[in-house]
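Student: I've just opened this one and I don't know where to look. Can you walk me through it?

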Amino acid sequence: MGSVGAAAMDDTVYVAVGNNVNKTKQLLYWTIHTFSARPICLLHVHQPYSTNSFTDRNLSAIEPSDHAIKAFQEQGSKQVHELLDQYIFILKKLKVKAKVLLIDKDDIEKGIAEAIAQHNIRWLVMGEAADKSNSGELVEQESEKAIIVREQAFLSCNIWLICKGEPTRTRVDGEHTSEVETAPQLSVLNSKTEAIQSEMINSELNPNALKYSDSGDTEETGNVSSQCSLQSKWSLSSFVRRSKLTDFLFHEDKELESLCAKEISRRKEVEEQIVRVKQQVQEMKNQQDEIMHELQMVQDRKSTLKNQLSESQCTVTELEEKIISAVDLLISFREKRDMLRIEHKNAVRKVKVLKEFREADTRLSYRVEFPAFSFIEINEATNDLDPSWKIGEGRYGSVYKGLLCNMHVAIKMLPSYGSQSQLEFQHQVEILSRVRHPNLLTPIGSCVESRSLVYEYLNNGSLESHLVRKDKTSLPWQIRVSIAANICSALIFLHCNDPCIIHGNLKPSKVLLDANFVAKLSDVGIPSLFQCSVDSAVTTTACRNKNESMAYVDPEYLVTSKLTPESDVYSFGVILLQLLTGRPLFGLVRDMKCALEKDNLKSVLDFSAGEWPLYQTKQLACLALRCCEKTWLNRPDLVSEIWSVLEPFRTTCINMPPYLASKKPHHPPPPHFLCPIVQEVMEEPYIAADGYTYEAEAIKEWLNSGHNTSPMTNLKLEHTDLVPNYVLHNAIQEWQQLI
Ligand SMILES: Nc1ncnc2c1ncn2[C@@H]1O[C@H](COP(=O)(O)OP(=O)(O)OP(=O)(O)O)[C@@H](O)[C@H]1O
């Protein structure tokens, strides 16, 4: 192999490639191998209109139609592109990039020469047809063509002619021609060119040769088209001129024309199809654009919805929290509502009870005028304070039985005034006198001089005296329940008074029983007359029985030195336990608790009182224990809890036992309760100057009608003044309560 190292390395090596790919492949391999580092460009001379095509098919001189020519031309162009694609494909496989130079020229050698000249080609590799290399005639002719090439290449191009993969001539250039190592021949550049040459020789005998010659002239003077791109275009005008020469050939080729027509039609269809497909593609593109647009909108919407969802979730969380708190609130409200309902129920009951008490109080407080007795009257009533008439003595002085205005009274002789003036004493007494209730000891009057208070006398003594008895005269359970109800009633009244009155010294000795065993509390308000504490009272009483007195005192009072309504409740609880059990005070609460825990109430009940109804008695026992709670807050309410149990219990007792029934007054009212004029029980008894008591309205009417005499004696009255008969009034009131 000759060296090519001397060649300029930056120049492009042009490889002339023919129509036969298989044969030219070797040429490419050699070039790539030899000029591996050099840029390569494929040079192909395309024969847009070759007479060989027609002569091969024995075409006559008939001129082909324009569309046939066009079809043929297009077919040729297509074939060229396919051919070049094959070469590029081969190079691609070898990983070699190459340019393509396509020359349109009927004469291949001339085309190559023009390419050399126009593109300043300096390096050219050409193939030598192996199958023709053995023909000496051809070699000669081909050598001439090579010379033409060389001449037309302005003597400046290095040309390698390759035969069967080997160079047959190392160089053909303008300076000199190197000797061929293997075969000193120029290869045939194009077999079709050779065919054209043959045609040109034969044309002298053929009448159509003129046309061909004309065509050849025209070809020589015509446009030599050379293009650097694959998009070479056929010059139609040139073709038309040349087509006159070959008209006779085409005329005979009806078959080709028909094929061309079919091809054109098929192509048209294909083009239409392409247009349709393009339209479809465009439509699809439009659709895709729309879909993309919609997709974008959907994505935007999705993003918005996502945000909304997130916000909604936050809102949901907030609302859930609010619902939870609202439910909690609702629950607490319901609890409060239930509590308020209970409180309301209790309040209604309390109001009802208080109303009853108020009504009773209103009836009793009829023109309360508290009579002031003189010391003489007190002395007379008590037979000069006869010791035998003394019924007891407490810390606030001695109590005497007396007879005042034909009524049995109890007169309490209080100790000296101390710093208190008579006026102050009188004022306090008057206040106390207004506090009246059926279950409070009724004050009848007072004596400022002797500092004594006059009360109604209750001939059944105190509860204390009855509890200690264990004989046949022991109080039956019905009376005990009634007494408890009376005490409760009195306490409710006192506590509801404005201002609240606390007894503060409640014990069985302060519970007095009238002839009908109605219990009345004594000593109400007495401490206020002395401004002394319970302690001193306890101390005084302690002289007699300190422990017993202490048993009724509220434990909280002993700590705080402050009396509360609940202090009375505590004392009441102890009395209740005594009523139920009749037991001594010591261990009383403990025993009852124990009995209830063991569900053995009978073991502590006082059966000298008879057969207690167990259910209600147990209720009462439980209440009594609660009253004795050390903490006042745990003690039951007098109205809503204690009274609500005692009141129905007492009603049952009144209806049930013959004992109580026998105590009820069945006889008509005492005659002195009746007004002598109208013969009815008096509501407002007034004493006239004749010493008789009349109904106020009746006697006033008598006097106003001009009478000045007594309705009873018919004697002239000394005066017409009327004095209220409180004692009788109270007696009537009591009697009325019992019926
Ligand atoms: N109106 C009355 N009717 C009948 N007896 C009464 C009357 N008032 C008081 N007594 C009797 O007089 C006694 C003395 O009562 P008083 O209230 O003065 O003292 P006390 O209650 O025994 O002790 P203290 O007042 O020191 O606590 C009572 O036990 C009671 O039996």
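Student: Let's start broad: what percentage of the protein's residues count as buried?
Tutor: Keep in mind that this is a predicted model. The protein is built with 24 helices and 18 strands. Of its 739 residues, the share that counts as buried is 33%.

Student: And of the contacts between residues at least 6 apart in sequence, what share joins residues at least 24 apart?
Tutor: Here we set aside any contact between residues closer than that 6-residue limit. Among the contacts that remain, the share joining residues at least 24 apart is 71%.

Student: Now a sheet. In what order do the strands of the 5-stranded open sheet come?
Tutor: The pairing in this sheet is antiparallel. Its edge strands are β9 (390-394) and β12 (443-447), each of which pairs on one side only. On average, neighbouring strands here are turned by 25° against each other, ignoring direction. Reading across the open sheet, the order is β9-β10-β11-β13-β12.

Student: Which residue of β10 stands opposite G392?
Tutor: Start from the edge strand β9, which pairs with β10 (residues 397-404) in the antiparallel sense. That pairing runs over 4 bridges. Opposite G392, in β10, you'll find V399.

Student: Over at β12, is that strand largely enclosed or largely open to the outside?
Tutor: As an edge strand, β12 pairs on one side only. Still, 5 of the 5 residues of β12 are buried. So, with the rest of the structure around it, β12 is largely enclosed.

Student: Which residue is the bridge partner of C447?
Tutor: Look to β13 (residues 452-456), which is joined to β12 by 4 bridges. The two strands run antiparallel. In β13, the partner of C447 is S452.

Student: Which residue in the hairpin of β12 and β13 takes a positive phi?
Tutor: There are 4 residues between the two strands of this hairpin. Most residues other than glycine have a negative phi. One residue in the loop between β12 and β13 has a phi near 50°, and that residue is R451.

Student: Is R451 buried or exposed?
Tutor: Count its C-beta neighbours inside 10 Å and you get 21. A residue needs 20 or more to qualify as buried. So R451 counts as buried.

Student: How about D599, buried or exposed?
Tutor: D599 sits in the loop between α19 (588-597) and α20 (614-627). Its phi is positive too, near 55°. Because 8 other C-beta atoms lie within 10 Å, D599 is exposed.

Student: Where does the cis peptide bond from D498 to P499 have its omega?
Tutor: P499 lies in the loop between α14 (477-496) and β14 (511-513). Most peptide bonds are trans. The one from D498 to P499 is cis, with omega near 5°.

Student: Last, the helices: is α1 parallel or oblique to α3?
Tutor: Helix α1 (residues 21-34) packs against helix α3 (residues 66-93) with the axes 11 Å apart. The angle between them is about 40°. That makes the arrangement of α1 relative to α3 oblique.

Student: And how many residues in the contact of α1 with α3 are nonpolar?
Tutor: The crossing of these two helices, α1 and α3, is right-handed. On the α1 side the contact uses V21, K25 and L28, and on the α3 side L83, Q86, Y87, I90 and L91. Of these, 1 is polar and 1 is charged, while the nonpolar ones number 6.

How values were computed:
Residues are numbered from 1 along each chain as its sequence is written. This is a predicted model: local features need pLDDT of at least 70, side-chain atom pairs count only at pLDDT 80 or more; totals for chains, interfaces and linings use all residues. Two strands pair if DSSP finds at least two bridges between them. Axes are lines fitted to C-alpha atoms, for helices over the stretch in contact, and angles run from 0 to 180 degrees between N-to-C directions. A residue is buried if 20 or more other C-beta atoms lie within 10 Å of its own, exposed if 12 or fewer, and partly exposed in between; C-beta atoms are placed from the backbone. Angles under 35 degrees count as roughly parallel, over 145 as roughly antiparallel, 65 to 115 as roughly perpendicular and the rest as oblique. A crossing is left-handed if the near helix is turned anticlockwise from the far one by less than a right angle, and right-handed if clockwise. Two residues are in contact if their C-beta atoms, placed from the backbone, lie within 7 Å. Ala, Val, Leu, Ile, Met, Phe, Trp, Tyr, Cys and Pro count as nonpolar, Asp, Glu, Lys and Arg as charged, and the others, Gly among them, as polar.
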